[in-house]
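Subject: Structure handover

Hello,

Here is the structure I said I would pass on. Please look through it first, then read the notes below.

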Amino acid sequence: MYTIFFSKKTIKKYIDTIFLSIYFFTLPISHFTTAQSISSVLFIITAFIKYRNKISFSSIFEYKNILIVFFGFLTLALISLFYTPDVIGSLKEIKSELIRNFILMFIFFYYFSVIESNKLEKTVFITFFILFVHSVINIFIWFNHGGWPFRAGGLLDSGGGERFGIWITYALSASIALFFTKYKKSAFLFFVVSIVSIIANQTRATFVSVALMSILFFILFGENKKIKLSFFAILLLLGLSFYEFSPNFSYRYNLKHMLSKTELIIKTPPSKFNNIGIEDSTAARLSMWKSVIIYRLKDPFVPQEYGRFLYGKSIEKNFKQTPQNLPFIIFAQTHNEFIGILYSLGIVGLLI
């Protein structure tokens, strides 16, 4: 296909970019792990062949803080093998989620630090284009299912949404970045598409992340103090308005009702959270998080397991003698990365 648009000389010049583009494009698509593996390996090979003379492996040690964090995680993860309910599962997670991702991070870092500026620019715009395409696909899926209240999750997890919510926030960030370039018309189109895609996704975690991104944007880039104060005043007013009117929204967004149950949430054992009068998905998450806190107050340091999807097995093992401390619905993961790390690697892992 590429030979239609590029000469052999051009293909040779951009072969690493082509494989990288395939890798990025397939990441937000379910069941494409084979394509991702092949494209990433071919990218690494071609990039290494082309830029091996520019890479200084000894300079990796200049980034000792990152190495300390990595080996801190790795040490705790290996210790957790003595306590995990599934050694093979933990080893797989250590290999794929920790070691592989760390290696990829360094490869990408060095690749983008040594490639030519024109190729860097093309790669950035290819990445932006991929995010735009997937945002459009997400909107199409949403409309195809009748719009609201369907929760669109792109090609990654339609009907769920949280995982694709990550890509939506990437797309929104990219659209904002374009406003600082000469491509302001494209930025406006991309921004509108991103906002519609966020509405189509309609997961609470994505809405919260967008709010936090907005706050950080004004803190980091806002220079006018009056505009900053006005923004925070508007944000506070919107937050209070949302709280006040939330009973008129879907039960998933009834913040006023949920906060009215705070005392019950504190007093009720996790196994009884289905009786406190809030909708199941919220109650399930809160009961899981409370189970983690109960366990970590008793044993704050010993790593339990490494892997996002071993929580269910591990928490059952730890509360076998006290089932009242088990969440009323036990998922494989905690649906919160910070709480998940606190449970799996303890307070030291959370601090790292």
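**Notes on what was found**

Glu162 is partly exposed, with a relative accessible area of 34%. Please keep in mind that this is a predicted model, and that the values below are computed from it.

Glu162 is a good place to start, as it takes part in a salt bridge with Arg151, where the closest N and O atoms are 3.8 Å apart. Arg151 sits in the loop between H6 and helix H7 (162–178), while Glu162 is in helix H7, so this bridge ties together parts that are 11 residues apart in sequence.

How many salt bridges does a search of the whole structure find? The search gives 8. Besides the one above, two more are worth going through, and Asp16 is in both.

The side chain of Asp16 meets that of Lys50 in a salt bridge, at 3.5 Å from N to O. This pair links distant parts of the chain: Asp16 belongs to helix H2 (residues 8–26) and Lys50 to helix H3 (residues 33–51), and the two are 34 residues apart. Asp16 also forms a salt bridge with Lys119, and here the closest N and O atoms are 3.2 Å apart. Again distant parts of the chain are linked, since Asp16 is in helix H2 and Lys119 in helix H6 (residues 117–144), 103 residues apart. Taken together, Asp16, Lys50 and Lys119 make up a network of salt bridges.

Are these residues buried or exposed, or something in between? Asp16 has a relative accessibility of 0%, so it counts as buried. Lys119 is buried as well, with a relative accessible area of 2%. Lys50, at 34% relative accessibility, counts as partly exposed, because the partly exposed class runs between 20% and 50%.

Thr17 is also placed in helix H2. With a relative accessible area of 4%, Thr17 is buried. Leaving out residues up to four places away in sequence, Thr17 touches Tyr111, Lys119, Thr123 and Ile126. Lys119 is thus a contact of Thr17 and a salt-bridge partner of Asp16.

Next come the nonpolar cores. Which residues have the most contacts inside the largest one? They are Ile94, Leu98, Phe106, Tyr306 and Leu345, in a core of 16 residues. Helix H4 (64–79), helix H5 (87–114) and helix H15 (337–351) are the elements that give two or more residues to this core. H4 provides the largest share, 6 residues. As for Ile94, its contacts are Leu74, Ala77, Leu78, Leu81, Ile99 and Tyr306, not counting residues up to four places away in sequence. Another core, of 14 residues, lies apart from the largest one, and Phe128, Ile168, Ala171 and Val210 are among its members.

The aromatic rings give a longer list: a search of the whole structure finds 26 aromatic pairs. Two of them are described here.

- Phe70 and Phe102 are stacked, at 3.8 Å centre to centre with 10° between the planes. Phe70 is in helix H4 and Phe102 in helix H5, so the pair ties together parts that are 32 residues apart in sequence. Phe70 counts as buried at 9% relative accessibility, and Phe102 counts as buried at 14%.
- Tyr311 and Tyr343 are edge-to-face, at 5.3 Å centre to centre with 80° between the planes. Tyr311 is in helix H14 (residues 311–318) and Tyr343 in helix H15, and this pair links distant parts of the chain, 32 residues apart. Both tyrosines, Tyr311 and Tyr343, are buried.

Tyr343 has a further neighbour to check: Arg296 lies over the face of its ring, at 5.9 Å from the ring centre. Elsewhere, ring pairs join Tyr23, Phe24, Phe43, Tyr51, Phe108, Tyr111 and Phe112 into a cluster. Tyr111 is the residue already named as a contact of Thr17.

One last residue is Asn224, in the loop between helix H9 (204–221) and helix H10 (225–245). Asn224 is partly exposed, with a relative accessible area of 39%. How far apart are Asn224 and Val208 in space? From C-alpha to C-alpha the distance is 25 Å, while in sequence Asn224 and Val208 are 16 residues apart.

Regards

Definitions and conventions
Residues numbered from 1 in each chain as written. Predicted model: local features only at pLDDT ≥ 70, side-chain atom pairs only at ≥ 80, totals over all residues. Heavy atoms only, no water. Salt bridge = Lys/Arg side-chain N within 4 Å of Asp/Glu carboxyl O. Helix = DSSP H or I, 4+ residues; strand = E, 2+ residues; numbered from the N terminus. Buried < 20%, exposed > 50% of the residue type's maximum accessible area, 1.4 Å probe, protein only. Core = buried A, V, L, I, M, F, W, Y, C linked by side-chain atoms within 4.5 Å. Contact = heavy atoms within 4.5 Å. Phe/Tyr/Trp six-rings, centres within 6.5 Å; stacked < 30°, edge-to-face > 60°. Lys NZ or Arg CZ within 6 Å of the ring centre and 35° of its normal.
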